[in-house]
Amino acid sequence: MQTMLRWLAWLNFNLVNMEGSLRRASQDILRLGKEILFSSQSLLDAMRSSFPDWLERILRVIYNSGGALAALY
């Protein structure tokens with residue numbers, strides 16, 4: 001139970017960073033255009049509803065594009 005709580009705390013702590021990293025990677029790497037940067041739709045929510053392995057995909061994009069996420073502890 002404690003492990004799940006730590007994972008949830010880590011995810012909540014990094015949500016804003018993850019969203020920004022996805023937007024940056026979408027614009028820089030995928031060349032989706034600047035409108036992706038200013039879209040009101042959450043890319044995290046779109047990924048979460050589209051893919052069962054959404055967290056793995058998001059982390060791969062973030063780390064492969066040179067980004068990093070913060071550790072809580």
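**The core around I58 and helix α2**

Modeller: In this predicted model, a side-chain oxygen of S42 comes to within 3.3 Å of the backbone nitrogen of L44, at the start of α2.

Colleague: What makes that a polar contact?

Modeller: The cut-off for a pair of N or O atoms is 3.5 Å, and the S42 oxygen lies within 3.3 Å of the L44 nitrogen, so the pair counts as a polar contact.

Colleague: Which residues of α2 are buried?

Modeller: In helix α2, residues 43-50, they are L43, L44 and M47.

Colleague: How do you know that they line one face of the helix?

Modeller: Viewed down the axis of α2, the buried residues fall within an arc of 100 degrees, so they line one face.

Colleague: Why is I58 called buried?

Modeller: Buried means under 20% relative accessible area. I58 has 0% relative accessibility, so I58 counts as buried. Its place is in helix α3, residues 54-64.

Colleague: What does I58 touch, leaving aside neighbours within four places in sequence?

Modeller: I58 is in contact with M18, L22, L44 and M47. With the same kind of neighbours left out, L22 is in contact with L43, L44, I58 and V61.

Colleague: Which residues make up the largest nonpolar core?

Modeller: That core has 10 residues: L11, M18, L22, L43, L44, M47, W54, I58, I62 and L69. The elements giving two or more residues to this core are α1 (2-28), α2 and α3.

Colleague: Why would nonpolar side chains gather like this?

Modeller: In soluble globular proteins, nonpolar side chains tend to be buried together.

Key: Residues numbered from 1 in each chain as written. Predicted model: local features only at pLDDT ≥ 70, side-chain atom pairs only at ≥ 80, totals over all residues. Heavy atoms only, no water. Helix = DSSP H or I, 4+ residues; strand = E, 2+ residues; numbered from the N terminus. Buried < 20%, exposed > 50% of the residue type's maximum accessible area, 1.4 Å probe, protein only. Contact = heavy atoms within 4.5 Å. Arc of directions from axis to C-beta. Polar contact = N/O pair within 3.5 Å; in protein donor to acceptor, adjacent residues only side chain to side chain. Core = buried A, V, L, I, M, F, W, Y, C linked by side-chain atoms within 4.5 Å.
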